[in-house]
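Grab a viewer and work through these exercises one at a time. Try each task before reading its solution.

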Amino acid sequence: MAEIEIDGAPADPARLAALGLLNYGHFTTLRAEAGRVRGLALHLDRLVRDCRALFGAELDRAAVRERIGAVLPADGAPVIVRVTVYDPALGLERPAAPAAPALLVTTRPAAAAEPAPLRVRTAAYRRELPEVKHVGLFGLVHHRRQAQLAGYDDVLLVGEDGLVVEGATWNVGFLAGERLVWPQGPSLPGVTEALLSGAYRGPQSRESLPADGLDRFTAAFAVNAGVGVRPLAAVDGTAFDPAHPALAVLRAAYLGIPAEAVGG
């Protein structure tokens, strides 16, 4: 069953509506199973960093852990937890008022099956404040919707210079043989990307990647906390091998990362 709470209490409709009406805040999304989370410390670091950037306020890491732990299923079933930080009292007319951020914590069941490979198309778009995981998702959802209406699964974002930066709600990586290549450019520093980069034992680099030159790679994948490593079957007209052996190596490296107990 999904959980929705604000600062440890059932979500009050008025406080919940404030987020939709102003749409100013930030969040992180994580996968929890048996009370443990891969990269929990990095998720907390992100929330603290983004809270300073958007609100000029300090976030209590221990309070965040407590609120995450409170919504986890007692049977340890895998769930996706989203922690959103926003100020229900902040108004459109004076957003520079001193902020008192609240914690909106929601859960939903995690997908049990391994998701199918993605077919994506490119779109020229750059998120505002790409280094912050903020709640301004209109552009991403719009481009994802347009891609799906055109027969694709999702969208891969490129800058005005034609360079690949990130997926709609995921980071992207490419494989040239055993070499792992990450795009270089203004994008969200993903927790799963950081974990996988640290766990992978093969050669890797960060490079400027023109969207029209991706055919030099043999495989490509999306990464985020919800799905881990998910193969890409194609980007625009360029096909990739979703069963490339190196992808299995990446998945094993990611699954081998120890998860941290939410309770400490």
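**Exercise 1. How do the axes of helix α2 and helix α3 cross, and which residues meet there?**

Solution. Keep in mind that this is a predicted model.

- Step 1: Find α2 at residues 40-55 and α3 at residues 61-71; their axes come within 10 Å and cross at roughly 120°.
- Step 2: Put a word to that angle. Roughly perpendicular runs from 65 to 115 degrees and roughly antiparallel starts over 145, so α2 and α3 are oblique to each other.
- Step 3: Get the hand of the crossing, which is right-handed as α2 passes α3.
- Step 4: List who meets whom. From α2 come Leu40, Ala41, Leu44, Asp45, Leu47 and Val48, and from α3 come Arg61, Val64, Arg65 and Ile68.
- Step 5: Sort the residues of this contact by type, and you get seven nonpolar, three charged and no polar.

**Exercise 2. Which residues have the most contacts inside the largest nonpolar core, and which elements give two or more residues to this core?**

Solution.

- Step 1: Look for the largest nonpolar core, a set of 25 residues. Inside this core, the ones with the most contacts are Leu59, Val64, Ile68, Val81 and Val83.
- Step 2: Trace the contributors. Two or more residues each come from β3 (26-33), α2, α3, β5 (79-86) and β6 (102-109).
- Step 3: Pick out the largest share, which is the seven residues from α2.
- Step 4: Zoom in on Leu59. Skipping residues up to four places away in sequence, Leu59 touches Leu47, Val48, Cys51, Val64, Val85 and Leu103.

For background, nonpolar side chains in soluble globular proteins tend to be buried together.

**Exercise 3. At what angle do the axes of helix α5 and helix α6 cross, and what kinds of residues make the contact?**

Solution.

- Step 1: Go to α5 (residues 191-199) and α6 (residues 245-255), whose axes come within 9 Å and cross at roughly 105°.
- Step 2: Classify the angle: α5 is therefore roughly perpendicular to α6.
- Step 3: Read off the contact, with Thr192, Leu195, Leu196 and Ala199 on the α5 side and Leu250, Ala253 and Tyr254 on the α6 side.
- Step 4: Sort the residues of this contact, and they come out as six nonpolar, one polar and no charged.

**Exercise 4. Where are Tyr152 and His143 found, and which residues is each in contact with?**

Solution.

- Step 1: Place Tyr152 in the loop between α4 (138-149) and β8 (154-158). With 22% relative accessibility, Tyr152 counts as partly exposed.
- Step 2: Collect the contacts of Tyr152. Leaving aside neighbours within four places in sequence, these are Arg119, Val120, Arg121, Ala147 and Asp236.
- Step 3: Check a long-range pair: Tyr152 and Val235 are 83 residues apart along the chain, yet their C-alpha atoms are separated by 9.4 Å.
- Step 4: Move to His143, in helix α4. With neighbours within four places left out, His143 is in contact with Ala123, Ala124, Tyr125 and Val155. The C-alpha atoms of His143 and Tyr125 are 8.5 Å apart.

**Exercise 5. What is the sign of phi at Ala34 and Leu129, and are these residues exposed or partly exposed?**

Solution.

- Step 1: Recall the background: most residues other than glycine have a negative phi.
- Step 2: Take Ala34, in the loop between β3 and β4 (36-37). Phi of Ala34 is positive, near 55°, and Ala34 is exposed at 57% relative accessible area.
- Step 3: Do the same for Leu129, in the loop between β7 (118-124) and α4. Phi of Leu129 is also positive, near 45°, while a relative accessible area of 45% makes Leu129 partly exposed.

Terms used: Residues numbered from 1 in each chain as written. Predicted model: local features only at pLDDT ≥ 70, side-chain atom pairs only at ≥ 80, totals over all residues. Heavy atoms only, no water. Axes fitted to C-alpha atoms, helices over the stretch in contact; angles between N-to-C directions. Helix = DSSP H or I, 4+ residues; strand = E, 2+ residues; numbered from the N terminus. Parallel < 35°, antiparallel > 145°, perpendicular 65-115°, else oblique. Left-handed = near helix turned anticlockwise from the far one by under 90°. Contact = heavy atoms within 4.5 Å. Nonpolar A, V, L, I, M, F, W, Y, C, P; charged D, E, K, R; others polar. Core = buried A, V, L, I, M, F, W, Y, C linked by side-chain atoms within 4.5 Å. Buried < 20%, exposed > 50% of the residue type's maximum accessible area, 1.4 Å probe, protein only.
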